[in-house]
Amino acid sequence: MPSGYSKYRESGIDWLGDIPEHWNVIPVKGLYQRIKRTNYPEAELLSVYRDYGVIPKSSRDDNHNKESDDLTPYQLVEVNDLVMNKMKVWQGSIAVSEHEGIVSPAYYVYSPRLRHQELVYPRYVHYLLRNPIYITQYMARSKGIRVNQWDLDAEAFERIEILLPTKQEQEEIYSFLDRETTRIDNLISEKKTFINLLKEKRQALISHVVTKGLDPKVKMKDSGIEWIGEVPEHWKCVTLKRLVAKIEQGWSPECHSNKAKENSWGVLKSGAVNGGTYQEGENKELPETLVPRPEIEVRQGDLIMSRASGSRELIGSAAYVYKTRKKLMLSDKLFRLTCAEDADPEFVSICLGSHPLRRQIELSIGGAEGLANNISQANIKNLYLTKPPLEEQMLLVKQLKERLEKFQRMISETTQSINLLNEHRTALISAAVTGKIDVRNHKEQAA
């Protein structure tokens, strides 16, 4: 990493501290003015993302916010405008736009003043206003009763000081950051590709074990089920209703948005079984005015399944509960499956996450106008899966868990590596735009 500048001075602003001697500061309102251009319903819809900046809404498939039927109140954004989601700016939802389009009426849109072109490069401002030091200021100056209802007042934002190197130095800073963040992003992308490959191999292993077993010499027979294919001759293929003695559904009280405290009652969300792993932290706190229902409290050894979700991939996901804190209840979006005596719940859980079962679940998902919504108890009971003898089920689970631990260890190590790269990326941007490092001529030095 480059070293710091040779001389610094006090900025006169507590939260900025010392800055390079030749840098100046100017409030946001000195460079931008709030503007509201409406009545452009045909323009492309844009969104502000914490991780991606201002991008077309259509470029992402994870934005489920539905736009209004009437787009005339939406605001036009021009290239180089500063755009902010005032209720999420403390999370980093602020950016300089490289696109033209329209955004929600609830956003703030700022147009560059005439002196803007003389003093700053938009790309530098984009990096500066999205770094943690500034995000901390948005958080400190936002107001509201609850975190998810915080709101940054326009005047409070406009008083925030922008650090101002010379224009030439700004260009060197953002060019350095473009180059370095691209390099880091490419490394992250490679590691994510590796994780996806590991997950595919893990999934293939699971599907093979629950349909073929682990003995390559065992005699096979046709299961009679197209998406299961051949199975060991002594195995059976049955519907899930043969292996499940009871299915229970949770309830849907009006809960607080925050997670339940350790000794408070909470209600699990559908995401508690995301990825086939039980995640007790995916819960909402039950209000003290409501009486808990201990009969639907989740217990160690339970097999739970997601019944309904806005995410199609999550519907039908199941997880075995190896351990859990007390006072967590099932929501109405979750089922608890109690297995029959000749079925091991861990084995059934693994089966439900295999490719053959996912294919059946996908075909069974129902919802309004064909949209992902839920899977019924009747459809769950009619899912086909393999049934080895109970002792073999338990042995397969033991052997499979040992093999899966290797995959999980590699996935965890790679994920940690990605987290470290993201931390380095953030620290590098922050250091460059606040003058903690001097990136001038860095390219020549690197060459």
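Student: Which residue in strand 14 does I26 stand opposite?
Tutor: This is a predicted model, so let's read the pairing straight from it. Strand 3 (residues 24–27) and strand 14 pair in the antiparallel sense, with four bridges between them. Within strand 14, the residue standing opposite I26 is I162.

Student: And which residues of strand 14 are buried on each of its faces?
Tutor: Strand 14 covers residues 161–164, and both of its faces are covered. One side carries E161 and L163, both buried. The other side has two buried residues as well, I162 and L164.

Student: Moving on to D81, is it buried or exposed?
Tutor: Start with where D81 sits: in the loop between strand 7 (75–77) and strand 8 (82–84). Buried means under 20% relative accessible area. D81 has a relative accessible area of 2%, so D81 is buried.

Student: Which backbone nitrogen does the side chain of D81 reach, and at what distance?
Tutor: Leaving aside neighbours within four places in sequence, D81 is in contact with a list of residues including R37, L76, Y110 and P112. The backbone nitrogen you're after belongs to another residue. The D81 side chain reaches the one of E78, at 2.9 Å.

Student: How about the four-strand open sheet: which are its edge strands?
Tutor: The order is 18-24-21-22, with antiparallel pairing. An edge strand pairs on one side only, and that picks out strand 18 (244–249) and strand 22 (318–320).

Student: What is the average twist from one strand to the next there?
Tutor: We're still in the open sheet with the order 18-24-21-22. From one strand to the next, its twist averages 25°.

Student: Which residue in strand 24 stands opposite V244?
Tutor: Strand 18 and strand 24 (residues 334–339) pair in the antiparallel sense, over five bridges. V244 has its opposite number in strand 24, and that residue is C339.

Student: There's a three-strand sheet too. What is the bridge partner of V267 in strand 23?
Tutor: That open sheet has the order 20-19-23 and mixed pairing. Its edge strands are strand 20 (283–285) and strand 23 (328–329). Strand 19 (residues 266–268) and strand 23 run parallel, joined by two bridges. In strand 23, V267 has as its bridge partner M329.

Student: Now helix 6. At about what angle does helix 6 run to strand 22?
Tutor: Helix 6 lies across three strands: strand 21 (303–306), strand 22 and strand 24. Relative to strand 22, helix 6 runs at about 155°.

Student: Why is helix 6 described as largely enclosed by the rest of the structure?
Tutor: Go through its residues one by one. The buried ones are E346, F347, V348, S349, I350, C351 and L352. Helix 6 is largely enclosed because the buried residues number seven of the eight.

Student: How do helix 6 and helix 9 pack: oblique or roughly parallel?
Tutor: Helix 6 (residues 345–352) and helix 9 (residues 390–433) have axes 8 Å apart, at an angle of about 60°. Roughly parallel needs an angle under 35 degrees. So helix 6 is, relative to helix 9, oblique.

Student: Which residues of helix 6 meet helix 9?
Tutor: The crossing of these two helices is left-handed. On the helix 9 side, the residues involved are Q393, L396, V397, L400 and K401. On the helix 6 side they are E346, F347 and I350.

Student: What is the relative accessible area of Q393?
Tutor: Q393 belongs to helix 9. Not counting residues up to four places away in sequence, Q393 touches several residues, among them D342, F347 and P388. Q393 is buried, and its relative accessible area is 2%.

Student: Which residues of helix 2 meet helix 5?
Tutor: The axes of helix 2 (residues 122–129) and helix 5 come within 9 Å and cross at roughly 65°. Helix 2 passes helix 5 in a left-handed crossing. Helix 5 contributes Q170, I173, Y174, L177, D178 and T181, and helix 2 contributes R123, Y124 and Y127.

Student: What separates the C-alpha atoms of E171 and R440?
Tutor: E171 is in helix 5 (residues 167–212), and counts as partly exposed at 35% relative accessibility. Along the chain, E171 and R440 are 269 residues apart. Their C-alpha atoms are separated by 9.5 Å.

Technical notes
Residues are numbered from 1 along each chain as its sequence is written. This is a predicted model: local features need pLDDT of at least 70, side-chain atom pairs count only at pLDDT 80 or more; totals for chains, interfaces and linings use all residues. Side-chain values use heavy atoms; hydrogens and water are left out. Buried means under 20% relative accessible area, exposed over 50%, partly exposed in between (1.4 Å probe, protein chains only). A polar contact is a pair of N or O atoms within 3.5 Å; within protein, one must be able to donate a hydrogen and the other to accept it, and residues adjacent in sequence count only if both atoms are side-chain atoms. Contact means heavy atoms within 4.5 Å. Two strands pair if DSSP finds at least two bridges between them. Axes are lines fitted to C-alpha atoms, for helices over the stretch in contact, and angles run from 0 to 180 degrees between N-to-C directions. Angles under 35 degrees count as roughly parallel, over 145 as roughly antiparallel, 65 to 115 as roughly perpendicular and the rest as oblique. A crossing is left-handed if the near helix is turned anticlockwise from the far one by less than a right angle, and right-handed if clockwise.
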